[in-house]
Amino acid sequence: MPKESGRKVVATNRKARHDYHILDTYEAGIALMGTEVKSLREGHASMVDGFCTFYNDELWMEGIHIPEYNQGSWTNHAARRRRKLLLHREELNKISGKMRETGLTVVPLQLYFLDGRAKVEIALARGKKDYDKRQTLREQQDKRESLRELRERNRR
């Protein structure tokens, strides 16, 4: 069997980019059980309520829903269990140092397979205020309208 190559996206957390200012991104491995990998390969996962926290100098991802594998038996996993993220010690130290600043958190952005291995893209982020969210929506709408105007002009 040929080895998988490339990047296959399983789930994205679109709400995170709406709710947070993304400051820095990292790619991390995930410690998963066998049935979790099989369920992810089928494309089942939800990252809506996901967040990351430190326990004993290790980064853990919580709130990610990976449903039980259909053909799994008594060895099936819990759908919302805590999963360990695999990062280099230097990256962990850097992230934990920045998290000590007020208002910074770590949120998962994307869950994917890279050359057959499960990876997660995490981001160091600062929460947006309501007026920031409205401003970004307004900017997106203005950009869409200007592109629509240009497209209409080019058609004439």
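**Reading the labels on a predicted model**

Trainee: Why is Glu 152 called partly exposed?

Mentor: Its relative accessible area is 33%. Buried means under 20% and exposed means over 50%, so Glu 152, at 33%, falls in between. Bear in mind that this is a predicted model.

Trainee: And what makes Arg 155 exposed?

Mentor: The relative accessible area of Arg 155 is 62%. The cut-off for exposed is over 50%, so Arg 155 gets that label.

Trainee: How do you know that Glu 152 and Arg 155 form a salt bridge?

Mentor: Look at their closest N and O atoms, which are 3.5 Å apart. The limit is 4 Å, so the pair passes.

Trainee: Why are those two separated by about one helical turn?

Mentor: Both sit in helix α4 (residues 130-155), and they are 3 residues apart there, which means about one turn. Elsewhere, salt bridges with shared partners tie Glu 36, Arg 81 and Arg 83 into one network.

Trainee: How many salt bridges turn up in the whole structure?

Mentor: The search finds 5. Take Glu 58 and Lys 84, whose closest N and O atoms are 3.1 Å apart. That one links distant parts of the chain: Glu 58 is in strand β4, Lys 84 is in strand β5, and 26 residues separate them.

Trainee: Are Glu 58 and Lys 84 buried or partly exposed?

Mentor: Partly exposed, with Glu 58 at 26% and Lys 84 at 28%. Buried needs a value under 20%, so neither 26% nor 28% qualifies.

Trainee: What makes Arg 82 and Glu 62 a salt bridge?

Mentor: Their side chains meet at 3.7 Å, N to O, and the limit is 4 Å. This pair also joins distant parts of the chain, with Arg 82 in the loop between β4 and β5 and Glu 62 in strand β4, 20 residues apart.

Trainee: Which labels do Arg 82 and Glu 62 get?

Mentor: Arg 82 is partly exposed at 38%, whereas Glu 62 counts as buried at 16%. The 20% cut-off lies between those two values, so the labels part ways.

Trainee: Let's move to helix α2. How do you know that its buried residues line one face?

Mentor: The buried residues of α2 (residues 34-41) are Thr 35, Glu 36, Ser 39 and Leu 40. Looking down the axis of α2, you find them within an arc of 140 degrees, so they line one face. What they pack against is β1, β5 and β6.

Trainee: Why is Ser 39 called buried?

Mentor: Ser 39 has 1% relative accessibility. The cut-off is under 20%, so buried is the right word for Ser 39. Beyond its sequence neighbours within four places, Ser 39 is in contact with His 44, Ile 66, Pro 67, Glu 68 and Tyr 69.

Trainee: What puts the buried residues of α3 on the same side?

Mentor: In α3, the buried ones are Leu 92, Ile 95 and Ser 96. They span an arc of only 95 degrees around the axis, which places them on the same side of α3. They pack against β2, β3, β4, β6 and β7.

Trainee: Which residues have the most contacts inside the largest nonpolar core?

Mentor: Leu 85, Val 120 and Ile 122, in a core of 23 residues. The elements giving two or more residues to this core are β1, β2, β4, α3, β6 and β7, and β7 gives the most, with 4. Leu 85 touches, among others, Ala 28, Leu 59, Met 61, Val 120 and Ile 122. There is a second, separate core of 5 residues, including Ala 16, Val 107, Ala 123 and Ala 125. In soluble globular proteins, nonpolar side chains tend to be buried together.

Trainee: What makes you say the charged end of Arg 7 sits over the ring of Tyr 112?

Mentor: One part of the test is distance: that charged end is 3.8 Å from the ring centre, and the limit is 6 Å. Arg 41 sits over the ring of Phe 113 in a similar way, 4.3 Å from its centre. Aromatic pairs are another story, as the search finds 0.

Conventions:
Residues are numbered from 1 along each chain as its sequence is written. This is a predicted model: local features need pLDDT of at least 70, side-chain atom pairs count only at pLDDT 80 or more; totals for chains, interfaces and linings use all residues. Side-chain values use heavy atoms; hydrogens and water are left out. A nonpolar core is a set of buried Ala, Val, Leu, Ile, Met, Phe, Trp, Tyr and Cys residues joined through side-chain atoms within 4.5 Å. Buried means under 20% relative accessible area, exposed over 50%, partly exposed in between (1.4 Å probe, protein chains only). Contact means heavy atoms within 4.5 Å. The arc is that of the directions from the helix axis to the C-beta atoms. Rings of Phe, Tyr and Trp (its six-membered ring) pair if their centres lie within 6.5 Å; planes under 30 degrees apart count as stacked, over 60 as edge-to-face and the rest as tilted. A charge sits over a ring if NZ of Lys or CZ of Arg is within 6 Å of the ring centre and within 35 degrees of the ring normal.
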